[in-house]
Every structure is written in structure tokens, then in C-alpha cells.
Amino acid sequence: MDHDPPPMVELIESRLERLDLSPEEAFRRAGLPPDLLPRLRDGTAPVPRGARLVRLAEVLGTSVSWLVGLDPDVAPPAEVLEEEQGSLGLLAGDEEALLRAYRSLDFPTKAALLTVVRRMAGPEPVPEVPAKAKRRKG
């Protein structure tokens, strides 16, 4: 499956060239996997967010806004500064990947997928009504 690498890849490469810095060294300094650039390029790694993105921008001597393709003088969108839920222990890796993939879909595809997943999951359990609540009704 062909895909275009995120615009960030080209921006990172241009900063690396300007700084005469290897990708592996830059990512190591930023606390990121040294093989992140080729994985970003081929779509097997998500674009860094939160503190990881901030550290990468610092290592590359630029702003987060510029790295995400915005005017460097404009504040970056809040969502790029939010930590991935998986890194916070809120979602497992597969759940984070599924959520990322879901977010990339258009609205009609999301609706269709949600219908399929609900059917696969079966009926939702009916919450039990406590005995006291049953008596008050009657």
C-alpha cells in the first residue's frame, strides 16, 4: 500500500541537513528511537506528540509549530502537545494504533466501521436495576 510520508519528515530532514546532524543522533538526543525517521517515512511509526515532539524541536533548533508545518510564530495546536494516551498508560499499544487509524478515516467510513464493530461485539449488557429502585416504581 502506497502512502505519502507525513510532511514532518521533509522538515526534519531539512533541519538535519542544515545542522549536519545524523537522524540517529538527533533522535537519540531527543529520547526517541534512532530508527524513527525511516519508520515515519514508511508509515510504521506515529508522528511524535507531546513532550517527545517538544524535545525533537529543541534538538533540531526549531519550534514545534514549524515542525508540524505551521508558521513558527504561531502557537502549535493543543492536540500536538497532548501526550499519546498509550504513553500515559491509558491505552494499550494496539488500542492506541486502532484509535489513530480510526481518526484518519472520513466520517462515512467511521460510521460504517462503528456499525461493524458494534455488531461484532454483540449486544451491550443491560445494567441491573437495584431491588430498591424496582420497588419505588410500582
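**Exercise 1. Decide whether Pro-48 is buried or exposed, and describe what surrounds it.**

Solution. Pro-48 has a relative accessible area of 4% and is therefore buried, where buried means under 20% relative accessible area, exposed over 50% and partly exposed in between (1.4 Å probe, protein chains only). As for its place in the chain, Pro-48 is found in the loop between helix 3 and helix 4, helices being DSSP runs of H or I with at least four residues, numbered from the N terminus. Next come its contacts, a contact meaning heavy atoms within 4.5 Å: with neighbours within four places in sequence left aside, Pro-48 is in contact with Met-8, Leu-32, Leu-36, Leu-40, Leu-53 and Leu-56. One of these partners, Leu-32, lies 16 residues from Pro-48 along the chain, and the C-alpha atoms of the two are separated by 8.7 Å.

The model is predicted: local features need pLDDT of at least 70, side-chain atom pairs count only at pLDDT 80 or more, and totals for chains, interfaces and linings use all residues. Residues are numbered from 1 along each chain as its sequence is written, and side-chain values use heavy atoms, with hydrogens and water left out.

**Exercise 2. Work out which parts of the chain have the highest and the lowest mean pLDDT.**

Solution. The pLDDT is the predictor's confidence in each residue, from 0 to 100. For the chain the mean is 81, and 83% of the residues reach 70 or more. Among the elements, helix 2 (residues 23-29) has the highest mean, 94, whereas helix 9 (residues 131-137) has the lowest, 61. Where pLDDT is low, the predicted coordinates should not be read in detail.

**Exercise 3. Check the span of helix 1, and then find which residues form its buried side.**

Solution. Helix 1 (residues 7-19) has 13 residues, and the expected span is 1.5 Å times one less than the number of residues. This gives 18 Å, and the end C-alpha atoms are 19 Å apart, which agrees. The buried residues of helix 1 are Met-8, Val-9, Ile-12, Arg-15 and Leu-16. Because they cover an arc of only 130° around the axis, they lie on the same side of helix 1; the arc is that of the directions from the helix axis to the C-beta atoms. On the face turned away from this buried side, Pro-7, Glu-10, Glu-17 and Arg-18 are exposed. The cover over the buried residues includes helix 2, helix 3 (36-42), helix 4 (50-59) and helix 5 (64-67). After helix 1 comes Asp-20, with a positive phi near 50°.

**Exercise 4. Identify the elements that give two or more residues to the largest nonpolar core.**

Solution. A nonpolar core is a set of buried Ala, Val, Leu, Ile, Met, Phe, Trp, Tyr and Cys residues joined through side-chain atoms within 4.5 Å. The largest such core has 21 residues, and those with the most contacts inside it are Ile-12, Leu-16, Phe-27, Leu-56, Leu-60 and Leu-67. Helix 1, helix 2, helix 3, helix 4 and helix 5 each give two or more residues to this core. For Leu-60, the residues touched beyond four places in sequence are Ile-12, Arg-15, Leu-16, Leu-19, Ala-26 and Leu-67. In helix 4, the buried residues are Gly-50, Leu-53, Leu-56, Ala-57 and Val-59, and they pack against helix 1, helix 2, helix 5 and helix 6 (78-81).
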